[in-house]
Amino acid sequence: QGAVARAIASNASATRSFTLDEFSNVCDAADDFLERAERLGGGRRCLALRATVAAQCKDLFAARHAAFAAKLGVVLEAETWTPATPVPPEFQKVLEDLADLSSAAGGSEGNESGDASSHSGGDVAGVSKNVSDALVFPNTGDTVVPVAASLALLKMVRDHVAAAARFPSLAPTAVHKTAELLRVFNSRTSQLVLGAGAMRTAGLRSITAKHLALATESVRLFALVTPLASNALAPALPESRRVGLLAELDRTVADLAKHARELHAKTVGIMRDRLAHHSSRLPTIWCSRVFTERSEYSRSSAGKEEEEEEDDISSNPGEILKDAKGAKGPSEFALALGKEIGTLRRVIAGTLCARDAAAVFDEVSTHFDESLTRTLREASRSVAKEWRAKMGDR
């Protein structure tokens, strides 16, 4: 056993470059040797060789994690936040491997993760995602549109979990390192998208709703993947430390959920800003309509007609869709805003899951109703004052 231990230890530098399968073959050979040696030795344990193999396992895992962390940083810096479609079959297989590891450990693929995760729930407003353009979770049917960085991290998480499944002694370390990779991805994604860092690192001209939607999908992917990893790692963890170790992954899921809410707010904020921009034209449109239609009225009836006009806004605000000459049809305001809503619909419904997309549109719709009603009421009051001033009724 001493000779075998020295042989393994002397090749430590080469061992760090092994793949998991290659190192597993070495460990299988060592295990076979240990079993035979201990049987021939009357059950006496070969502690030196076991210690050497365990040390090599830790060194290999540490080397692979360092390589993963470095690669993740490079991939994120270069990420342009465009869909990695069609999704290569190898990455769909990676996701299925994770689901299998979770199921083998007694986990459930249907585990959801708070606000950051949801079922795909079908199509949104007639826009659907091609399955080849998304990762599909086995059994649950959740679909996620990935980017290059999220695919890279997905494979890293699978490899860490697979290493712990093959070498149970590594499970506690695997929990820490998996959570570390997820935290790096989550925080760096926030800096690159919400903080607009990708404009510097990847040369993006601006951060658009499309970029926000893809970042949301990446965050949702790992909000769904993390419980699978947690389920797969749990059985290999020491009973006394299991709850504390898995709590680290639970905190990561909570951080992902918080990030998803921030991305949602930013997406809605884009449409709030566009509405505010276009709403600045509403008073002009309203004034033009009123003065054109009321200029033929006499000065004595101006006040009365203006009050009727103010009543009209609450009963039929759609009247502003008439142009200055009173012809029926959409105003420039309605056309411009409608075009932007259509663009948002194509981007959001073609990328986000049904629940997330619906949440965005519901909040945008509510804000539009409240903001437009308030703007029109203010415009009608302004028109009333200007009309009285013009007609000399001060």
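In this predicted model, zero disulfides are found. A disulfide is a covalent bond between the sulfur atoms of two cysteines. Two cysteines may be described by their accessibility: Cys57 has a relative accessible area of 6% and is therefore classed as buried, and Cys353, at 0% relative accessibility, is buried as well.

The nonpolar interior was examined next. In soluble globular proteins, nonpolar side chains tend to be buried together. The largest nonpolar core of the model comprises 71 residues, and Leu153, Phe222 and Val225 are the residues with the most contacts inside it. At least two residues of this core come from each of the helices α3 (20-40), α4 (47-78), α5 (89-104), α6 (148-166), α7, α9 and α10 (242-279). Of the contributions to this core, that of α9 is the greatest, at 13 residues. When residues up to four places away in sequence are not counted, Leu153 is in contact with Leu72, Leu181, Leu182, Phe185 and Phe222. A second core, separate from the largest one, consists of 17 residues, among them Phe333, Leu337, Leu352 and Ala357.

Phe185 and Phe222, both touched by Leu153, also take part in an aromatic interaction. The structure holds one aromatic pair, and this pair is formed by Phe185 and Phe222 in an edge-to-face arrangement. The ring centres of Phe185 and Phe222 are 5.1 Å apart, with an angle of 65° between the planes; because planes over 60 degrees apart count as edge-to-face, the pair is assigned to that class. Phe185 belongs to helix α7 (residues 171-194) and Phe222 to helix α9 (residues 209-233). With their positions 37 residues apart in the numbering, the two rings link distant parts of the chain. Phe185 is buried at a relative accessible area of 1%, and Phe222 is likewise buried, at 0%.

Helix α13 (residues 332-349) was considered separately. The helix contains 18 residues and extends 25 Å from its first C-alpha to its last, close to the 26 Å expected at 1.5 Å a residue. Its buried residues are Phe333, Leu337, Leu344, Val347, Ile348 and Ala349. Viewed down the axis of α13, the buried residues fall within an arc of 165° and therefore line one face of the helix. Glu332, Leu335, Lys339 and Arg346 are exposed on the other side of α13. Two of the buried residues of α13, Phe333 and Leu337, are also included in the second core.

Notes:
Residues are numbered from 1 along each chain as its sequence is written. This is a predicted model: local features need pLDDT of at least 70, side-chain atom pairs count only at pLDDT 80 or more; totals for chains, interfaces and linings use all residues. Side-chain values use heavy atoms; hydrogens and water are left out. Rings of Phe, Tyr and Trp (its six-membered ring) pair if their centres lie within 6.5 Å; planes under 30 degrees apart count as stacked, over 60 as edge-to-face and the rest as tilted. Helices (H or I, at least four residues) and strands (E, at least two) are DSSP runs, numbered from the N terminus. Buried means under 20% relative accessible area, exposed over 50%, partly exposed in between (1.4 Å probe, protein chains only). The expected span of a helix is 1.5 Å times one less than its number of residues. The arc is that of the directions from the helix axis to the C-beta atoms. A disulfide is a pair of cysteine sulfur atoms within 2.5 Å. A nonpolar core is a set of buried Ala, Val, Leu, Ile, Met, Phe, Trp, Tyr and Cys residues joined through side-chain atoms within 4.5 Å. Contact means heavy atoms within 4.5 Å.
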